[in-house]
Amino acid sequence: MKPALIFSLFLLLFISHTNYAQTTVDDPEIKKMVAEVKSENMEATVRKLVSFGTRHTLSDTKSNTRGIGAAQRWVKSEFDKYALASGGRLTSVIDFFTIKADGRRIATDSQLGNVMATLKGTDPTDDRVLIISGHLDSRASDVMDAKSDAPGANDDASGVAAMMELARIMSQREFPFTLIFVAVVGEEQGLYGAKHLADVAKDGKWNVIAMINNDMIGNSLSSGTLLRDNTKVRVFSETIPFLETEAESKMRKSTNRDNDSPSRQLARYIKTVTNQYVEQLDINLVYRNDRFLRGGDHTPFSQNGFTAIRFCEMNENYDHQHQNVRKENNIQYGDLAEFMDFEYMKKVTCSNLATFSNLAWSPKAPTNVGIEVKDLTNFSTLVWTAPEGKSVYGYNIVIRETSSQHWEKTIFVKDTKAEIPYSKDNFFFAVQAVDALGHSSLPVFPLPIR
Ligand SMILES: [Zn+2]
């Protein structure tokens with residue numbers, strides 16, 4: 001290449017980098033953490049969890065080699081290893097609670113326990129909380145069968161392994177606010193573990209800014225249609241919030257905010273950060289809380305008014321999901337580790353890690369985000385209040401056409417007011433706070449200021 005051409009290419013890079021410095025800057029620490037994600041670690045975790053035979057919620061709790069109790073204690077012992085490396089900032093607990101017989105999938109009153117690790121933040125004035133989960137329990141063909149083998153390699157040792165890998169890597173760093181890593185139980189019996197934690201969070205008035213559920217993230221081959229794709233993962237987010245007051249509903253309708261729930265903003269945030277930090281993985285935004293007529297561990301959080309999403313593989317394999325381990329007509333059924341794609345699972349974990357840490361280091365989101373509507377103009381004027389706490393370097397105004405699923409343009413500004421040459425009739429906007437290293441808050445949808 002000619003020197004002049006190299007120079008102009010460099011100049012081009014430099015110019016685009018300075019114009020959008022805050023949207024394209026990579027945090028070297030996040031890159032380093034992403035590089036620390038090891039598929040061997042996660043494969044070892046999955047195989048260890050499978051070795052407990054079954055992790056059915058109502059399986060043996062006494063044995064040290066088989067059943068849910070052994071699996072709970074093993075996850076806790078792993079958390080305790082990370083805790084040592086964290087200098088004691090990570091603490092762990094098995095949070096036991098009682099579920100009454102429900103006449104459905106809980107036959108008798110039962111004691112359940114979520115295995116939870118908490119990484120305390122360094123800023124006591126920052127009350128934000130982030131939660132990441134996978135479900136520890138597994139099931140056989142019959143959801144009440146607590147005795148047969150139920151390896152649950154993909155459903156959901158994969159999600160637990162991802163969550164543990166994040167706990168391991170993130171507990172060696174400091175974050176301003178509290179991060180919770182949790183292996184919930186009771187998912188297959190009716191989302192009981194997640195519901196328990198979502199209720200604790202609601203009753204305790206926790207400021208949970210995002211909850212991320214990983215459930216089945218390690219299979220890349222569909223049954224039946226035989227689609228193989230390890231470059232896409234689905235992120236499910238509610239369209240219309242479960243919890244919406246009459247005034248909020250009215251405002252949503254008048255501002256056409258039908259595709260901008262806080263959970264949808266989180267889903268788009270994941271897509272942006274994944275594009276930035278993870279190669280060969282695209283986030284497929286699914287405009288549903290979960291799969292058709294189904295729910296997951298993020299659902300009780302959504303129902304309690306929290307911002308929550310689910311990661312789930314692009315294509316599911318029903319030969320290896322909710323099936324007894326058996327061979328029929330030469331087809332091997334059962335959720336076994338041999339059918340998993342650990343490189344795929346690693347990329348999904350990297351997406352989780354980049355998102356979670358970017359959010360964990362972000363300033364608080366701007367407040368009172370508004371859009372002026374007093375004049376008819378083809379410009380749009382956005383105003384907001386600077387958040388308290390961690391210092392803000394500037395703000396991203398993200399922009400997309402009304403028919404686009406993802407943000408298409410970002411304008412970086414230093415002030416708390418901006419007039420931009422985009423009509424509010426033709427575009428949607430949101431505003432996020434950014435620190436000097438590019439860590440950004442979740443985008444906030446503006447409400448009209450009259
Ligand atoms: Zn599951």
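How many cavities of 30 Å³ or more does a search of the whole structure find? For this predicted model, the search turns up two.

Start with the largest cavity, which comes out at about 70 Å³. Its lining draws on Asn154, Asp155, Met216, Asn219, Glu313, Asn317, His320, Gln321, Asp335, Leu336, Phe339 and Met340. Sorted by class, that lining is a mix: four nonpolar residues, five polar and three charged.

The second largest cavity has a volume of about 40 Å³. Around this one sit Ser138, Arg139, Gly152, Asp155, Glu188, His322 and Asp335. No nonpolar residue appears in the lining here, which splits into three polar and four charged residues. Asp155 and Asp335 turn up in the lining of the largest cavity and again in that of the second largest.

Away from the cavities, there is the packing of nonpolar side chains to look at. The largest nonpolar core counts 78 residues, and the members touching the most others are Phe79, Leu136, Met170, Leu179, Phe181 and Phe311. Helix H6, spanning residues 153-170, supplies the largest share of this core, with 11 residues.

As for the overall layout, the domain assignment cuts the chain in two. Domain 1 is put together from residues 3-26 and 364-449, while domain 2 runs over 28-360. Taken over C-alpha atoms, the centres of the two domains lie 31 Å apart. Where domain 1 and domain 2 meet, 20 residues of domain 1 are in contact with 25 of domain 2.

Terms used:
Residues are numbered from 1 along each chain as its sequence is written. This is a predicted model: local features need pLDDT of at least 70, side-chain atom pairs count only at pLDDT 80 or more; totals for chains, interfaces and linings use all residues. Side-chain values use heavy atoms; hydrogens and water are left out. On a 1 Å grid over the protein atoms alone, a cavity is a set of points where a 1.4 Å probe fits but cannot get out, and a pocket is an open set with protein on both sides within 12 Å along at least five of seven lines; lining residues have an atom within 4 Å of a point. Grid points are joined across faces, edges and corners, and a volume is the space filled by probe spheres set on the points. Ala, Val, Leu, Ile, Met, Phe, Trp, Tyr, Cys and Pro count as nonpolar, Asp, Glu, Lys and Arg as charged, and the others, Gly among them, as polar. A nonpolar core is a set of buried Ala, Val, Leu, Ile, Met, Phe, Trp, Tyr and Cys residues joined through side-chain atoms within 4.5 Å. Buried means under 20% relative accessible area, exposed over 50%, partly exposed in between (1.4 Å probe, protein chains only). Helices (H or I, at least four residues) and strands (E, at least two) are DSSP runs, numbered from the N terminus. Domain bounds come from an automatic or database domain assignment. Contact means heavy atoms within 4.5 Å.
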